[in-house]
Amino acid sequence: MNGSAQLRRTTRRTIPSTPSVLSLSSFFLTSNRESLFPPICTETLELLINFDRLPVCINVVVVGGCGGGAEGACGYGDLGKKGYGLSTVALSGALFGKGEGCGGCYELKCVEDLQWCIPGTSIVVTATNFCPPNYALPLDSGGWCNPPNQHFVMPIAAFEKIAIWKAGNMPVAYRRVKCLRAGGIRFTINGFGFFHSVLITNVAGAGDVVGVKIKGSGTGWLPMARNWGQNWHCNADLKNQGLSIEVTASDGKTLTCYSVAPSTWGFGQTFEGKQFPL
């Protein structure tokens, strides 16, 4: 922990029906990595980040219910089959943007509370969903995902790996980390006619994608625009052509997967390319 970091504390509450608030601050990255959880829908934890004047402090709110669904606003589809499992979070608009936050990884760690923290543990989660605002409720009482709040929602099964979820208040910590992925980047091609959409999943390193280009064996490089989540599209005649795809991550690194799909590709098919080195 940074010695200058200050953690905001509030009165501890232990009534299960009342949302519980926790505080977080930045911490040094540990070597611990959690395995993916099976795709079982359970209760969720909502993590409300309130930077105030100290960017090292955030709040976590625990609520019941299974929100967001298994597929999410990033368009990944079945998170279990895609390899994400329940090691995931939904982001408020301040972090999610228009899909720019999809695929980014965060490490969370509970700190300084011997009663509620599970010592020596941390968990890495991937952003796969969007937490919509509720303008009918105030920012600090139900409208957790309203702007300008920076807010996370994660499965309670994941949070229970680092802390006891019924705790009233406790300091924890978070930071962005590199994403670890098995295999290469996966490209799922959808569309019709001249409209082509590519869903990009399993991105290592920064995890979130900021730019995509596609090239047919008979065309030059064509820029693709973000359609929604991690789906990118363009309008071009690419039928009966082998495809190459270039991906640029948020850290500025670019990876080109040449001939990732043969000329016999079809809509609905998924192809695996190279992977960003760590």
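**Disulfides and an open sheet**

Visitor: Is the disulfide of Cys-131 and Cys-145 left-handed or right-handed?
Guide: The torsion about the S-S bond of Cys-131 and Cys-145 comes to about 95 degrees in this predicted model. That value settles the hand of the link, so the disulfide is right-handed.

Visitor: How many residues apart in sequence are the parts that Cys-131 and Cys-145 tie together?
Guide: The sulfur atoms of Cys-131 and Cys-145 lie 1.8 Å apart and form a disulfide, and both cysteines are buried. Cys-131 and Cys-145 each lie in the loop between β6 (123-130) and β7 (150-155), so the parts that this pair ties together are apart in sequence by 14 residues.

Visitor: Which residue is joined to Pro-147 by a cis peptide bond?
Guide: Most peptide bonds are trans. The bond in question has an omega of about 10 degrees and is cis, and the partner of Pro-147 is found in the loop between β6 and β7. The residue joined to Pro-147 in this way is Pro-148.

Visitor: How many disulfides does the structure hold?
Guide: Besides the link of Cys-131 and Cys-145, there is one that joins Cys-105 to Cys-179, with an S to S distance of 2.1 Å. Cys-74 and Cys-102 form another, with sulfur atoms 2.0 Å apart. The number of disulfides held by the structure is 3.

Visitor: Is the link of Cys-74 and Cys-102 left-handed or right-handed?
Guide: Both of its cysteines are buried, since the relative accessible area is 0% for Cys-74 and 0% for Cys-102. The angle about the S-S bond is -90 degrees, and the link of Cys-74 and Cys-102 is left-handed.

Visitor: How many residues apart in sequence are the parts tied together by Cys-74 and Cys-102?
Guide: Cys-74 belongs to the loop between β3 (58-62) and β4 (88-91), while Cys-102 belongs to the loop between α1 (93-96) and β5 (105-110). The disulfide of Cys-74 and Cys-102 therefore ties together parts whose separation in sequence is 28 residues.

Visitor: How many residues apart in sequence are the parts joined through Cys-105 and Cys-179?
Guide: Around the S-S bond of Cys-105 and Cys-179 the torsion is about 120 degrees, so this disulfide is right-handed. Cys-105 is buried at a relative accessible area of 1%, and Cys-179 is buried at 0%. Because Cys-105 lies in strand β5 and Cys-179 in the loop between β8 (171-177) and β9 (186-192), the pair ties together parts separated in sequence by 74 residues.

Visitor: Which strands stand at the edges of the open sheet of 8 strands?
Guide: The order of the strands is β15-β14-β11-β12-β13-β10-β9-β16, and the pairing is antiparallel. A strand at an edge has a single partner strand, so one side of it is left without a neighbour in the sheet. The strands in that position are β15 (254-261) and β16 (270-272).

Visitor: By how many degrees are neighbouring strands of this sheet turned against each other on average?
Guide: The sheet in question is the open one of 8 strands, paired in the antiparallel sense. With direction ignored, the average turn between its neighbouring strands is 30 degrees.

Visitor: How many residues stand between β11 and β12 in their hairpin?
Guide: Strand β12 (residues 221-228) pairs with β11 in the antiparallel sense over 4 bridges, and Ile-214 stands opposite Leu-222 in β12. On its other pairing, β11 (residues 209-216) runs antiparallel to β14 (residues 243-249) over 7 bridges, where Val-209 has Ala-249 as its bridge partner. In the hairpin of β11 and β12, the number of residues between the strands is 4.

Visitor: Which residue in β13 is the bridge partner of His-196?
Guide: Strand β10 (residues 195-201) and strand β13 (residues 231-235) pair in the antiparallel sense over 5 bridges. The partner is a cysteine with 6% relative accessibility, which counts as buried. The bridge partner of His-196 is Cys-234.

Visitor: Is Ser-259 buried or exposed?
Guide: Most residues other than glycine have a negative phi. Ser-259, in strand β15, has a positive phi near 50 degrees. Its relative accessibility is 62%, over the 50% that marks the class, so Ser-259 counts as exposed.

Key:
Residues numbered from 1 in each chain as written. Predicted model: local features only at pLDDT ≥ 70, side-chain atom pairs only at ≥ 80, totals over all residues. Heavy atoms only, no water. Pairing = 2+ DSSP bridges. Helix = DSSP H or I, 4+ residues; strand = E, 2+ residues; numbered from the N terminus. Axes fitted to C-alpha atoms, helices over the stretch in contact; angles between N-to-C directions. Disulfide = S-S within 2.5 Å. Buried < 20%, exposed > 50% of the residue type's maximum accessible area, 1.4 Å probe, protein only.
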